[in-house]
Amino acid sequence: MILIVFSSIRGALLTAFFILQSLNSALLIIVSSWFIKDRSWYDAILGVFWTRSLLTLSGVQVEVRGVEHWPKGRGCLVVFNHASWMDIAILTTKLPVVPRF
């Protein structure tokens, strides 16, 4: 019973963090877009500030295989089953380039 309560509290805190972190990231991107036109800045915000902190706090560990097959200098289509809301954070953090959704 204690484990269920702890898991529910952790899930609620993680959900609250996800919402707040998403709002902070969106606000930072909007404000910075007025002054900085370089798109790589937005990738840094999403890749480091938002997704990595989300994965770290949630305790998700990801193993990446097959990165050597990633096409260099070309576009690539990535298809995933979108099993949870963590998919976007994992793809943004672990792919060799920041994906466009």
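**Getting to know a three-helix model**

Student: Is arginine 65 buried or exposed?

Tutor: Arginine 65 has a relative accessibility of 71%. Residues are buried under 20% relative accessible area, exposed over 50%, and partly exposed in between (1.4 Å probe, protein chains only). Because of that 71%, arginine 65 counts as exposed.

Student: What is the average pLDDT of the protein?

Tutor: This is a predicted model, where local features need pLDDT of at least 70, side-chain atom pairs count only at pLDDT 80 or more, and totals for chains, interfaces and linings use all residues. Residues are numbered from 1 along each chain as its sequence is written, while side-chain values use heavy atoms and leave out hydrogens and water. pLDDT is the predictor's confidence in each residue, from 0 to 100, and 86% of the residues score at least 70. The average is 77.

Student: Which helix has the highest confidence?

Tutor: Let's get the layout first: the protein has three helices and zero strands, with helices (H or I, at least four residues) and strands (E, at least two) taken as DSSP runs and numbered from the N terminus. Where pLDDT is low, the predicted coordinates should not be read in detail. Confidence is lowest in α2, at a mean of 74. It peaks at 81, in α3.

Student: Back to arginine 65: which residue does its side chain meet in a salt bridge?

Tutor: A salt bridge puts a side-chain nitrogen of Lys or Arg within 4 Å of a carboxyl oxygen of Asp or Glu. Searching the whole structure turns up one. Its partner side chain sits 3.0 Å away, N to O, on a residue that counts as exposed at 60% relative accessibility. That residue is glutamate 63.

Student: Which residues make up the largest nonpolar core?

Tutor: A nonpolar core is a set of buried Ala, Val, Leu, Ile, Met, Phe, Trp, Tyr and Cys residues joined through side-chain atoms within 4.5 Å. The largest such core here has five residues: Leu14, Leu54, Leu55, Met86 and Ala89.  At least two of this core's residues come from each of α2 and α3 (86–94). So the list to remember, which follows from that definition, is Leu14, Leu54, Leu55, Met86 and Ala89.

Student: What does leucine 55 contact?

Tutor: Contact means heavy atoms within 4.5 Å. We leave aside neighbours within four places in sequence. Leucine 55 is then in contact with Val60, Met86, Ala89, Ile90 and Thr93.

Student: And which residues does phenylalanine 18 contact?

Tutor: Phenylalanine 18 lies in helix α1, and its C-alpha is separated by 9.3 Å from that of threonine 51, 33 residues away along the chain. Neighbours within four places in sequence are again set aside. What phenylalanine 18 contacts is Trp50, Leu54 and Trp85.

Student: Where is isoleucine 36, and which nonpolar patch residues go with it?

Tutor: Isoleucine 36 is in the loop between α1 (2–35) and α2 (40–58), and is partly exposed, with a relative accessible area of 33%. Patches use residues with over 30% relative accessible area and no salt bridge, joining like charges within 9 Å and nonpolar side chains (Val, Leu, Ile, Met, Phe, Trp, Tyr) within 5 Å. Areas come from the Shrake-Rupley method with a 1.4 Å probe, and for residues only the protein chains shown count as cover. The patch is about 650 Å², and isoleucine 36 shares it with Leu27, Ile30, Val31, Trp34 and Phe35.

Student: How far apart are the C-alpha atoms of proline 96 and valine 67?

Tutor: Proline 96 is in the segment after α3 and is partly exposed, at 46% relative accessible area. Not counting residues up to four places away in sequence, proline 96 touches Val67 and Trp70. Proline 96 and valine 67 are 29 residues apart along the chain, and their C-alpha atoms are separated by 7.4 Å.
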